[in-house]
Structures are given as structure tokens and as C-alpha cells.
Amino acid sequence: MSEPVIPERAIPRPAIPPAEHPSSTPDLSTVGYGGPWPALLDSIDADGDGVHGRVVRADRGAATVLTAAGHVRVTWTPATAPPVTGDWVVVHPDPHAGPDHGLLGGVATRTTSMTRPNTHGQRSSNEADQVLAANVDIVGVVVVASEEPNVRRLERGVVMAYESGAQPLVLLTKVDLVERRDIAIAKAEQAAIGVEVTPISPVTGEGVEELRARLAPDRTIVLLGASGVGKSTLTNALVGEEVLVTQDVRAVDGKGRHTTTHRELVALPGGGAVLDTPGLRTLGLGVVEDGMAAAFPEIEELAGSCRFGDCRHDGEPGCAVLAALDDGTLDPDRLEGWRRIRAASENAALRADTAAYRQTARSWGRIYRDAQSLKRR
Ligand SMILES: Nc1nc2c(ncn2[C@@H]2O[C@H](COP(=O)(O)OP(=O)(O)OP(=O)(O)O)[C@@H](O)[C@H]2O)c(=O)[nH]1
Ligand SMILES: [Mg+2]
Ligand SMILES: [Zn+2]
């Protein structure tokens, strides 16, 4: 099922470039500094001359880090694992560059990490999952309010959110455009059992103040959703200023134009932060563990009563899930969604296994060749 084509209403937007947000005296506590971070960062700062900061933007080979002294452009050596948006880091002065440049001194262990499987071709598919965002408190699963929502996409978003370790929140955007908002909300709640569903619209302002209050004084939300659902528009509304470029109204044809091209953490004036992301065409799932049980709590509960502990609910005797399906207490579409995610996860596990096997085979090949060349000497 594709997202319905919805006409856009004009939102005034001044022409400003994507922001390297200038902030005179940044207060790191509003973007989550505090709690365990100061001590943790001190512990990874070997020389003790580093400053602490949070990555607001990560590019290939360099990142923009918000420190108490402002934004610093940070680089690292090729051997270092690159930081991602949302990471807490130690920054050392760069002796060869100005004060607004630094060297990465260390990345703190992440409390939560939002990942997607690395799908850059088969050969490298044994690489670890790609981390999209680190240390976020809430994953905003952003979908356009619709009487016929893309249930499968919503389910995947919720699983991804739980899997990251953060708390999911379904944001139903453009609620000003939907005719039967009651149906839209009910359908979304059905697809995201146990998750709070919030209708929102930067056009009318509905839900914006509530979300802002929820993020203050120091929580971080990442916005996850297809292109054109209104993630950047919502970020701007939360900031109260047009800091991010949003999709041109005329350009919208329902296909999505991928206006945002990089992930960016934006600090909110009243405290809290939003991590805006480019629209993901598909929500690719890797190997899913706890996320599935959390996203399908009713199936998880039923599974506890199946005769076999490893019941796959595919026809085994004494299956409580299939019994609930028969007596109508379990929605068949929920089981369908659950099965699809299980299949995706099992596929991912298989791919990882195959890649690991190939990697091992390659290593053995190398060892064999090395041994041969030693013999020839
Ligand atoms: N009517 C209405 N239009 C909205 C709302 N939110 C966003 N829009 C419009 O939807 C279009 C897409 O918004 P963006 O914020 O650029 O979407 P996005 O999710 O950031 O898209 P990508 O950056 O491509 O991932 C813009 O033309 C917005 O003006 C809303 O609540 N109501
Ligand atoms: Mg955007
Ligand atoms: Zn069962």
C-alpha cells in the first residue's frame, strides 16, 4: 500500500540556507549534558585537556560538535570509528588549525542507538549495522495522518524504535488535512499497540506545544519517517524559527523529494533537541530481538501460554496464538505484521551468517596463501 497523495497547504518559509546554527553561549545541559556524561567523558579523556560536546552533524571524515564554547569542526584519524549524530564526544585542540577546529579524543558508549542494516552491496554486508542516531530518548515515528495508514511501515517504525532502546512515539502529521481524524488515530493506535499516538500539525499548531513541553528541559527526539511527511517542518515549528529547509510546496507530487540530505541535531530554545533525518524510502530492519516483543505485546503475552517454549505459531499443537486467532481475540492482521517482521529479521540473520562465512573463508584463504608463499621462500 502506498502513502496516499495529499495536497499540501502553503506554509510560509523564508529562503535561508541549512543552518550551522549560531549560538552565542550554548548550554549543553539543554541537549542532555548531565547525568553520567561528564564523568564518562572525563574517563575517556586520557590527556585531560579535552572539552566535552555533542555531535550535531556527522559527515564523511568530519563532524560538527556543539561544545560549551560553540560549534567545533572535528576530524579524526582513519583508524578511529567515526562518531554519529547524537554522540557525546571529547574534543582535543587541533594544533594545526584554529579554535573552531578540533581532533576527536573519544566517543562515549551510547545509551541508545538507532540502527539500520548496512546494505551497501553484498560484499560489505558483514559490516556492522549503520548507526543513524545515538543517545536519543524518544523515537518519533512520523507518518501522515490517514484513514488508510501504511500499517506495515508503522509496525516497522515501532519495532526499530524499541530496538534502539528508546521510547517510541507515533506522530501523525498533517492532521489538518485528514477528513476523519478519529479513524486515522484509531487505525494508527491499532498498528502501534501500547504506543502513544499524537496528532500534530505545524500548520494549525496542534500538538506542537505539547511536544515541546515533553522535550524540555533536556530530552532528545529523533524523527523517523518517509520523505515529505513533515519532519523538518515539525522541527522548525518546535524551534519557532525556520532553521531547516523544507520541501517546496509545488514540488510535492506524493513521491517525496528527499529535501533533507543529512542528519542534524537541532537544539530547542526552551531545552531539548530534535534530530531531523532524511526520509528513509524503506525502513530496513536488521536482526530484531527485544523490539518485536515490545511492539507486539499481545502476541508476546499469548506466546507465553503456547505449549512449546520455542513455538513459531505456525501450526504447532497447543499454540495459544493460533487459538486466539481462531476465537477472534487476536487480529489476523497483527499476526501477519508480526510474521513479516520475523521473516525480515530471519533473513537479516541469514545474510549476516553468510557474510560472516564468506569473511571467514576469505581469511582462511589469506592464511593459506601466506603459508604457501612462506613455503616457497
Ligand atoms: N498541510 C500540512 N502540510 C504540512 C504539514 N507539515 C508539513 N507540511 C508540508 O509537507 C511538505 C513536506 O515537509 P518537509 O518538512 O519538508 O518533509 P520532510 O519529512 O522533512 O521530508 P524529507 O526532508 O524529504 O525527508 C512541505 O511542503 C510542508 O509544508 C502539516 O502539518 N500540514
Ligand atoms: Mg526534511
Ligand atoms: Zn504458538
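Visitor: Which residues is valine 170 in contact with, leaving aside its neighbours within four places in sequence?
Guide: In this predicted model, valine 170 is in contact with Val141, Val143, Leu154, Val158, Ala192, Val195, Glu196, Val197 and Thr198.

Visitor: And which residues have the most contacts inside the largest nonpolar core?
Guide: Val170 is one of them, together with Met114, Val139 and Leu172. That core has 58 residues.

Visitor: Which helix gives the most to this core?
Guide: Helix H2, residues 151-164, with six residues. In soluble globular proteins, nonpolar side chains tend to be buried together.

Visitor: What does the second, separate core include?
Guide: Leu169, Val208, Ile221 and Ala226 are among its 21 residues.

Visitor: Switching to metals. What are the protein donors of the zinc ion (ligand 3)?
Guide: Three cysteine sulfurs and one histidine nitrogen: Cys306 (SG), Cys311 (SG), Cys319 (SG) and His313 (ND1). They lie 2.1 to 2.4 Å from the zinc ion.

Visitor: What is the geometry of the zinc site, and what are the angles among its four donor atoms?
Guide: The site is tetrahedral, with angles of 103 to 115°. For reference, the ideal angle for four tetrahedral donors is 109.5 degrees.

Visitor: How are the donor residues spaced in sequence?
Guide: The spacing is C-x4-C-x1-H-x5-C. Cysteine 306 and cysteine 319 are 13 residues apart, and each is in the loop between H7 and H8.

Visitor: Where do H7 and H8 run?
Guide: Helix H7 covers 297-303 and helix H8 covers 320-326. Cysteine 311 also has its place in the loop between H7 and H8.

Visitor: Cysteine 306, buried or exposed?
Guide: Cysteine 306 counts as buried because its relative accessibility is 8%, under the 20% cut-off. Cysteine 311 is buried too, at 11%, and cysteine 319 is likewise buried.

Visitor: What does cysteine 306 touch, not counting residues up to four places away in sequence?
Guide: Cysteine 306 touches the other zinc donors Cys311, His313 and Cys319. Gly318, Ala320 and Val321 are also on its list. With the same residues left out, cysteine 311 touches Cys306, Glu316 and Cys319.

Visitor: What does UniProt list for "binding site"?
Guide: The unreviewed UniProt entry lists Cys306, Cys311, His313 and Cys319 under that heading. Those are the zinc donors in the model.

Visitor: Which residues coordinate the magnesium ion (ligand 2)?
Guide: Ser232 through OG and Thr260 through OG1, at 2.0 to 2.1 Å. The pair links distant parts of the chain, 28 residues apart. Serine 232 is in helix H5, residues 231-239, while threonine 260 is in the loop between H5 and strand E12 (264-267).

Visitor: Are serine 232 and threonine 260 buried or exposed?
Guide: Both are buried.

Visitor: On to the backbone. Which peptide bond is cis?
Guide: The one from alanine 216 to proline 217, with omega near 0°. Proline 217 is found in the loop between helix H4 (208-215) and strand E11 (220-224). Most peptide bonds are trans.

Visitor: What is the phi of asparagine 135?
Guide: Asparagine 135 has a positive phi of about 55°, although it is not a glycine. The residue has its place in the loop between strand E7 (130-134) and strand E8 (138-144). Asparagine 135 is buried because its relative accessible area is 5%, under the 20% cut-off.

Visitor: And what about lysine 174?
Guide: Lysine 174 also has a positive phi of about 55° and is not a glycine. Its loop runs between strand E9 (167-173) and helix H3 (181-191). At 14% relative accessibility, lysine 174 counts as buried.

Visitor: Last topic, confidence. What pLDDT does the protein chain average?
Guide: The chain averages 87, and 85% of the residues score at least 70.

Visitor: Where is the pLDDT below 50?
Guide: Residues 1-23 include such values throughout, and beyond near neighbours in sequence this stretch has 46 contacts in the model. Over residues 121-126 the pLDDT also stays under 50. For residues 121-126 the model has seven contacts beyond four places in sequence.

Key. Residues are numbered from 1 along each chain as its sequence is written. Chains are lettered from A and ligands numbered from 1 in the order in which they are written. This is a predicted model: local features need pLDDT of at least 70, side-chain atom pairs count only at pLDDT 80 or more; totals for chains, interfaces and linings use all residues. Side-chain values use heavy atoms; hydrogens and water are left out. UniProt positions are given in the numbering used here, feature names are shortened, and annotations may be inferred rather than shown by experiment. Helices (H or I, at least four residues) and strands (E, at least two) are DSSP runs, numbered from the N terminus. Buried means under 20% relative accessible area, exposed over 50%, partly exposed in between (1.4 Å probe, protein chains only). Contact means heavy atoms within 4.5 Å. Donors are N, O and S atoms within 2.8 Å of the metal (3.2 Å for Na, K and Ca); water is not among the atoms, so sites may look incomplete. A nonpolar core is a set of buried Ala, Val, Leu, Ile, Met, Phe, Trp, Tyr and Cys residues joined through side-chain atoms within 4.5 Å. Four donors count as tetrahedral if all angles lie between 85 and 135 degrees; four count as square planar and six as octahedral if opposite donors are over 155 degrees apart and all others between 65 and 115; anything else is irregular. pLDDT is the predictor's confidence in each residue, from 0 to 100.
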